Amino acid sequence: MDIFKVLSRGIKAQPKKNQPGAPQLLPSAGAKVNPQFFHDNVGGSNSKRSRKRKRKGAQANNTTESGDDDSDASDVDYFAPKPTPEELAAKKDAELKADEPKKQKPKLMEEDECRQLLKSHRLKFTVLAGRVQQPEEATEKPSKKKQKKNKKEPEEEDKKKKKKDEDKKQIYPQPLNSFGELKYTYGVHPTLADNITRQGFRVPTEVQMGSLPLQLRPEMALEKVPGVEDVKTERGIDFLGVAPTGSGKTISFLIPAIDAIIKRRAGDYTPETDEHVLQAIVVAPTRELASQIVNEGRKLAIGTGVRVVLMKRTLRLVAEENKQEETEQEGKEADKDSDHDSEAEREPEEVVGSDEEEEEEDSDAEKNEESKAKGDKKSKKERPITRVDILVTTPKILLNFLCGGEKEKGKPRIVKKTLPTVQSLILDEADVLLDPIFRKQTMGIWRACNHPNLGMTCWSATMASNIEALLTKHIERRAKRTPEQTPKPLIRLVVGLKDTAVPNITHKLIYCATEPGKLLALRQLLHPVSSADSGPPLRPPFLVFTQTIDRAQALHDELKYDIPLEAGGSARVAVLHSSLSDSVRSKIMARFRSGEVWVLITTDVLARGVDFAGVNGVVNYDVPVSAAAYVHRAGRTGRAGREGGVAVTFYTKDDIPFVKSVANVIAMSEKQAGKDIDEKDTVKAAQGSVQKWLLDALPKVAKEDKRKLKVRGVESRRTGGKATITTKSSWERRRENNRREAIEASKRRKREAQKAEKEGGAAPVEKDEEWTGLD
């Protein structure tokens, strides 16, 4: 008898993760049935309704899983006749009707049920500003005698902090359990609701679950919440959403914007008025993100008559003239606030140098177009006003329209036009739009939207406390201009832990010592060894982020021949950065989305907001300049709850002073995902990519170093030298430079000789210079 067989009876050997036979989930495998990130079991003994809901959801999941198992490829009849388009349309309509709940009176959940459901999905709502002060809460001003007695400043500061914390009230509003509730419970237009279902949205993500009820019908969402008498929602709310990357924030602000426009048009439209009036503006930091928002908005607006347009230089909008005196005064106040807030910044945000270069490219292209059009100025007529309902734009291009042209050096910029019809201003990636680099442009657009009932919504995956304070201060200042109106409450939603990466991806922090070591490590990712056991492998397609445009181009030149011709060759590797033209960038994006490009090398142009559903991984070839930059870079994979994504970060000896902020984000993200780095639990500690000893050994990043890193990045990578991305030795590079300089000198001598011959003189003869001694 074999004793090993007896002991191992009933035990199934589990295949290793890296073996080809082991099943592995990848983001490129397709959409996940449930796109939610968090499913904590938070339930009390008296929550029967929540337990029933969970039981029903588990049964539904079991039925869907069994259905997926039944639909095997061997049962497909490949010779059956294909269904006609009419049959497919009828099938879709039947599915839509089946998904729709019966029209009935909406049933609201009690506060305890809302509290448990929101906590299970890690949703936290806080009223930051806009609470109406009740007469009982009115505080008396302290007398002069009391002020003399209380001279201790620390005590006063503590009291102020406690008062601020008391002003921030936590609430538990009604959540959205399914998209079917939008039509009958929250009164969304039927055409918009059908478009949402046709796009495949079934289960709302955490940010959609929490934000849509408050934006669509805030009075209903807060009906069962006790103690909110000071939160007045008659005029709507201002909203601040902080949610992980890939959680569906774009849909969360597009659905309320489109629905509000449809309802306003139904109530205010007359044959004499124009059907299309600019009512909502969406501001995004990059053109790629703005184009993506336009595409998503047009899908949702099919059949509604709402026009979603991308802002261009040639567009003309309905605007009114603005008084320069008021604008200059407001601009000075905003500049003072921005200067003060930039000095008191808690943590600097990521470098937007790529975006800034992108805007410079815009201005260069605009100058070229203006120079071409100068000859046809006389014959050219003014373009007609564009009929638009929702305008999606980047900050500078819209500010150029409002200011009447490009900024002149040495002159202050004045907003000469206003947009009085805009009732909704949406800032996507609000933390970078309110960063000191883009703050003046964004505040100029905000001041130009002078409608008294303007609604403000801000969205991002990272939000520093100083940006929240700036936003709250300007909203309160704007509310004081109309004291006769009830102020709108500012409600903040935070999903999960603030400023952390998505919990469903694997993080790797790899030390490469030198720049050539990083290139070798990247080639090992392209050609993995089967015997290596360092976690899940990185499979294409994936993104590679670099610090500068020159480094992205140099890395592309090194890697374009690494993929064999049988697999597609150099066509599988592409580079995208802000110095390329719009058409080239659009083609590269289309090729990457279609799967023709496997490795896309880029800068921070694609680090924010751009949705690549099937990206299996992200490689930070250069260390991100901040914790927020890492969160957004890593968020290009693991979209909509897809599992199996990998985020790899290379760092060298030069990066050690700046790595701790990235390591802290990785540690917090793994803790959120259930991987603890505590030394006591060796099993969980082994699962994490950042060990506790590494966090203790890495030096803390000083504030001045953070500021320099934010503005310039790692300085050695800008100057070149040893940080150059190349496999050639320094002797080979020196020989190439000498040869290049010799060729340039030869061409220069030829040009001088030709110039001398044209002038009629003899060609200059080089003579040996006489030695004149030491100076």
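User: Buried means under 20% relative accessible area, exposed over 50%, and partly exposed in between. This is a predicted model. Is Lys692 buried, exposed or partly exposed?
Analyst: The relative accessible area of Lys692 is 32%. Buried is under 20% and exposed is over 50%. The value for Lys692 therefore makes this residue partly exposed.

User: Which residue meets the side chain of Lys692 in a salt bridge?
Analyst: The N to O distance of this salt bridge is 3.3 Å. Because the two residues are four apart in helix 25 (residues 692-697), about one helical turn separates them. The partner is exposed, with a relative accessible area of 53%. The partner of Lys692 is Asp696.

User: Which residue in helix 11 forms a salt bridge with Lys263?
Analyst: Both residues lie in helix 11, four residues apart, about one turn of the helix. Lys263 is partly exposed at 42% relative accessibility, whereas its partner is buried at 2%. The closest N and O atoms are 3.1 Å apart, and the partner is Asp259.

User: How many residues apart in the chain are Glu468 and Lys498?
Analyst: Glu468 forms a salt bridge with Lys498, with the closest N and O atoms 2.7 Å apart. Glu468 is in helix 18 (residues 465-480), while Lys498 is in the loop between strand 11 (490-495) and strand 12. Glu468 is buried at 7% relative accessibility, and Lys498 is partly exposed at 30%. The pair links distant parts of the chain, and the separation is 30 residues.

User: How many residues does the largest nonpolar core have, and which helix gives the most to it?
Analyst: The residues with the most contacts inside this core are Leu182, Ile255 and Ile390. Leu182 touches Ile255 as well as other residues, including Leu176, Val188 and Leu216. The core has 78 residues. The greatest contribution is eight residues, from helix 11.

User: Are the rings of Phe179 and Phe201 stacked, edge-to-face or tilted?
Analyst: The ring centres are 5.8 Å apart and the planes stand at 50 degrees. Planes under 30 degrees apart count as stacked and over 60 as edge-to-face. Phe179 is buried at 6% relative accessible area, and Phe201 is partly exposed at 22%. With its angle of 50 degrees, the pair is tilted.

User: What is the distance between the ring centres of Tyr511 and Tyr651?
Analyst: Tyr511 is in strand 12 (residues 505-513) and Tyr651 in strand 17 (residues 645-652), 140 residues apart. Tyr511 is partly exposed at 41% relative accessibility, and Tyr651 is buried at 8%. The planes are at 55 degrees, so the pair is tilted, and the distance of the centres is 5.3 Å.

User: Why is helix 22 largely enclosed by the rest of the structure, and how many of its residues are buried?
Analyst: Helix 22 covers residues 627-634. Its buried residues include Tyr630, His632 and Arg633. The helix is largely enclosed because the buried count is eight of the eight residues.

User: Which residue lies over the face of Phe401?
Analyst: For a charge to sit over a ring, NZ of Lys or CZ of Arg must be within 6 Å of the ring centre. Here the distance from the ring centre is 4.3 Å, and the residue is Lys417.

Note on methods: Residues numbered from 1 in each chain as written. Predicted model: local features only at pLDDT ≥ 70, side-chain atom pairs only at ≥ 80, totals over all residues. Heavy atoms only, no water. Core = buried A, V, L, I, M, F, W, Y, C linked by side-chain atoms within 4.5 Å. Buried < 20%, exposed > 50% of the residue type's maximum accessible area, 1.4 Å probe, protein only. Contact = heavy atoms within 4.5 Å. Phe/Tyr/Trp six-rings, centres within 6.5 Å; stacked < 30°, edge-to-face > 60°. Lys NZ or Arg CZ within 6 Å of the ring centre and 35° of its normal. Salt bridge = Lys/Arg side-chain N within 4 Å of Asp/Glu carboxyl O. Lists of a residue's contacts leave out its neighbours within four places in sequence.
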